[in-house]
Structures are given as C-alpha cells and as structure tokens.
Amino acid sequence: MSSTKQKILLIEDSKANRDALKECLIDEFDIIEAENGALAVPILKKSHKSISLIFLDLVMPEMDGFGVLTYLKTNNLLDDIPVIAIANEKDQKRVYNAFKCGAQDFVTKPFDKEIIKKRVQNILDLFAKQKKLIKIVSDEYFERTKNTNMLIDILGHTVEFRNGENGYHIMHMNIITEILLNRLVAKTDKYNLTTKDIDLISSASALHDLGKVGIKESILNKPGKLTKEEQEIMKGHTKIGANIIQQLIQFKNEKIYQYAYEIARWHHERYDGKGYPDGLKGDNIPISAQVVGLAECYDVLVNDRAYKKTYTHDQAMKMILNGECGAFNPLLLKCIKEGQHEIKDGLDYFSKINRDKQKIDVISTNLFKDQKKSADVSYESEDSLDTERIRMFYSSKIFDEIIFDYTVATSVLNFNDSGREILKVDGVIYEPVENRDFVEVFGRNNIDRFVSKLKKTTYNNPNFEMSLKLLTGDKITKYNLVCSSMWHKFNHDEMIGFVGRAYKSR
C-alpha cells in the first residue's frame, strides 16, 4: 500500500458491501477492513493515529455500530476521526441516533461511486480545516496571553523600581484586588463580574501607576511632602498612564485593555466626586478602578514610602474606615472590613516567602533529590509560586529527565526540553486527556491511575508516587513518577495545578 494515501477503515459485516465501497475508494485511499465492531476495536487501538475516516455499518453481530461509536467517544477519537454511518433508506431512527452518538454523515445502499467519493472528500476537507483553525486559535490565544502577561509584568515592575519600591507592590495589588473582588461578587451581582473579569482586573491592577514613568524621579522619590505644584504634576500620572495604554493598539480588542485603561486613569477618583483627574462620582467610576484604588490605599499605608511612615494593619484599617484616606464605595468598605484578615494573612504570607528565597531550592531538592522517596514539599512556599517560575527553575537544573507541570486554569500541560525529546510530544499540550498523541504515549491506564492518585491529594498531603510504562520511540520503558499538587494561596480546597518528574526505573 502507498504510504502517501490516507487510510479508511470499513466496518461492515457484509462482504458485498465492503467490496462495493472498496470499488468506490480504492483508487485514492488505502482500505482497512473489519467484519464487525469487535474486530475493529483492536485495529483502532493499534492504528487509530493513521486512520483518516471510518465507514460504519450500524447493524452488525458481536458489536454493532453504536458500540463502535461508544468506543470512539470513550477514547476521545471522534474529534479526530470522522465517521460515516452505513444505513438503509428506512433506518431514519438509527441514523438520527448515530448522529447523536457522533457520526458526521451517512450513506445508503446501494452505493453511488461519485457521491461516495464526494462525501468522503468533503468530510476530510472539513476536518482538516477544523484542525487548522483550532491550532491557529489555540496558538494565537496562548501567544496573546503570554505576551499580554509579559507586557504587564515588565511595565508594572519598571514603574515600581523607578519609583524606589521593593518590587512587591504589584503582587500585593494583585492579591488585595482579587480578594476584594471575590468578596464583592459574593455580596452583589450589581457589577456583573465573572471569574474571568476578576482575573483580568487583578492582572491589570499592575498597571495602575504606569503613568509614573512620565514623572520626574526628583518628584517621585522626594522625601516628605510635595509642594502644590509638585502634587499637580504627580496627579498627571493618571492621564499619562491612560494615554500610554491607548497606544497599545495590539490589545485594543482585549477586555484587559479596557480594564487597564480604566484603572490607570481613574484609580484616584473618589466615590464622593472629589478625586482626580475627572471628578467622577459614585458608580460613574468603573468598578475596576474603585477596587484598585482601595487596594492601593491599603498597601501604601502598610508599606514604606519615601514620603510617609509605615502604619500597622489596624491603623490602616481604622484610617480607611473612618474616611481619613478618601471616600470609597460603601460596599467595598464592607468587603475590606470583612476580608481584612484574609488580606493581612495573604500579604504576610507573600512577604514570608520572599524573605526566604532559598525555599525555592528546598522545593526542588525535596522534590527531586531521592528517586526512591516521595517529594516532601513545603506548601507554605510552593503554592505561592506561579507555574511558569517553577517550570523555568526545574528545567534549568535538570536536563535528562521528564519534568512536567499542569495549570488547571488554562488546561495546559508543559514539558521541559528533555521530556519533549524523550516522549516525542509537543512541549505544550492543551487538554492533555483529550490529546490523542499524549494518550498514545502515556496510555489510558496510566492516565486513569495518575488522576485517581491526584484526586486523593490535599493541601497538607500533596505528594504521591507511581510507576508506569511509557512508549518512548519504538519501545516501552519503565519509569517512576513523583508528583506534587499545587493549591490556591488562600482557598486550600482549590487545586490550581501540579508539578512533577519522571525518571527511568533502575
């Protein structure tokens, strides 16, 4: 058979029907035959990656067409292999049920050669276009997300260090903003905020002081009180920041662009209308800017600045609730009052981690030091580290083993360079349990065992081990796997991902 031809699997108990279909297709396709579903399943297990299309009789002995459709669906093959059902003209109910079960088209007996060829080509073209579109959309989404987050981090940290701050202010803003927004959503649906909105606003909070790049350092870092003229110059950072964001036209269709603009321009507005730069009042101030304004107020109070002393948490809360720091939305004041301990614990927790950078080394050492022992990861530090940072650290230290991490929010599984080379898979896999190549390499049984063990982990007991056999190249290799789940900073019941390593058994 020519290796350049696409393969079609004919699952039909009638030899006469198989021969008729072969006559229609043999010139352009390689044909594989199975007399019933029971005989087709081993073929699919072994060769599904090379099969481009299936003709499937619905009525067969041993395993009928619906049994085959169930198998294809259970093993996530319907998205990659289109199915054309074979039916009689009177089998309308069966055809309808076949469509419900995942078939894409049907043909009736007797077969017309030209119609069969045209239908096959149409479906193959459609699936090829769908795969191409999915890849384009997926690539664009991840590239856009990566670029957007990178831009936000760069700009945010640039402002911080120029402003003489310690580099943690934007992380504090993210933490406080997220807590306040979650509290707000729990109280009211007035602002119609989704989980995605909360994530975007929390990320965009990093750009609240972007406009300070246009303010002289002599004013930014002046110790003591600013003159009235200097105060007016400083206030201009809101308009400068908004203008900068307006120039980022590559993001103009993104929702985060809107939030970033709102926050940069209006985070110093006051609920009573006495803020700047536009004197907006009440809910004329976008809720994104209201929340970030309150978050900044608290963080500035409890941290060092060139122009002020540091206040304690209790002092800061008293000043905010008494109106000494401006007028805020009463709902948000309730949110910060009720969430104040969560905020304080979150910032204390973050500070504790960053005072001891060596805990990163502890994580790596404990996770990878002993091939016979489970990783003893201290999650007082682990769950605060974002997945990207973990991946970069592990990949820079270890090159001859399979290092991986998974992020729940994006459904993305990442491998280090060595893992990608060993397994012959993409370094970034979206929806891995739905990815046929990934399932082929890891095996459905291994994946099911892994998921079962992962579900038993908790915040306090995140680690587990397992052995498995992996398809590496043309051979099966025994591996040991050690993995640790990661959990939300504040909600210890919410798993945010996992990280681990697989190494050859000895």
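**Exercise 1. Determine whether Lys-187 counts as buried, partly exposed or exposed, and find its salt-bridge partner in this predicted model.**

Step one takes the accessibility: Lys-187 has a relative accessibility of 34%, and since buried means under 20% and exposed over 50%, Lys-187 counts as partly exposed.

Step two looks for the partner, and here the side chain of Lys-187 meets that of Glu-338 in a salt bridge, with 3.0 Å from N to O. This pair links distant parts of the chain, because Glu-338 belongs to helix H14 (residues 330–338) and Lys-187 to helix H6 (residues 169–187), 151 residues apart.

Step three returns to accessibility for the partner: Glu-338 is also partly exposed, with a relative accessible area of 43%.

**Exercise 2. Work out which parts of the chain the salt bridge between Lys-255 and Asp-197 links, and state how accessible each residue is.**

The side chains of Lys-255 and Asp-197 meet at 2.8 Å, N to O. Lys-255 lies in helix H11 (residues 255–266) and Asp-197 in helix H7 (residues 195–204), so that the pair links parts of the chain 58 residues apart.

For the accessibilities, Lys-255 is partly exposed at 40%, whereas Asp-197 is buried, with a relative accessible area of 3%.

Salt bridges can also share partners, and in this way Arg-18, Lys-22 and Glu-33 are joined into one network.

**Exercise 3. Explain why the salt bridge between Arg-436 and Asp-80 ties together parts that are far apart in sequence.**

The structure holds 15 salt bridges, and one of them is formed by the side chains of Arg-436 and Asp-80, at 4.0 Å from N to O. Arg-436 lies in helix H20 (residues 436–442), while Asp-80 lies in the loop between helix H3 (65–74) and strand S4 (83–87), so the pair ties together parts that are 356 residues apart in sequence.

As for their surroundings, both Arg-436 and Asp-80 are buried.

**Exercise 4. Reconstruct the open sheet by giving its strand order, its edge strands and the pairing within it.**

Begin with the order: six strands form the open sheet as S8-S7-S6-S11-S10-S9, with antiparallel pairing. The edges are strand S8 (428–430) and strand S9 (463–472), each of which pairs on one side only, and the twist averages 25° from one strand to the next.

Next, follow the pairing from the S9 edge inwards. S9 is joined to strand S10 (residues 475–487) by 10 bridges, and Lys-469 stands opposite Lys-478 in S10. S10 and S11 pair over nine bridges in the antiparallel sense, with Val-499 in S11 as the bridge partner of Ser-484. S6 and S11, which run antiparallel, are joined by six bridges, and Tyr-406 stands opposite Phe-498 in S11.

Finally, consider what surrounds the sheet. Seven of the 10 residues of S11 are buried, so this strand is largely enclosed by the rest of the structure. Helix H21 (residues 444–455) lies across strand S6 (402–407), S9, S10 and strand S11 (495–504), and runs at about 170° to S9.

**Exercise 5. Decide which residues call for caution when the model is read, using pLDDT.**

The chain averages a pLDDT of 79, and 79% of the residues score at least 70. Over residues 355–399, however, pLDDT stays under 50, although the model has 90 contacts beyond four places in sequence for this stretch. Where pLDDT is low, the predicted coordinates should not be read in detail.

Definitions and conventions: Residues numbered from 1 in each chain as written. Predicted model: local features only at pLDDT ≥ 70, side-chain atom pairs only at ≥ 80, totals over all residues. Heavy atoms only, no water. Pairing = 2+ DSSP bridges. Helix = DSSP H or I, 4+ residues; strand = E, 2+ residues; numbered from the N terminus. Axes fitted to C-alpha atoms, helices over the stretch in contact; angles between N-to-C directions. Contact = heavy atoms within 4.5 Å. pLDDT = per-residue confidence, 0-100. Buried < 20%, exposed > 50% of the residue type's maximum accessible area, 1.4 Å probe, protein only.
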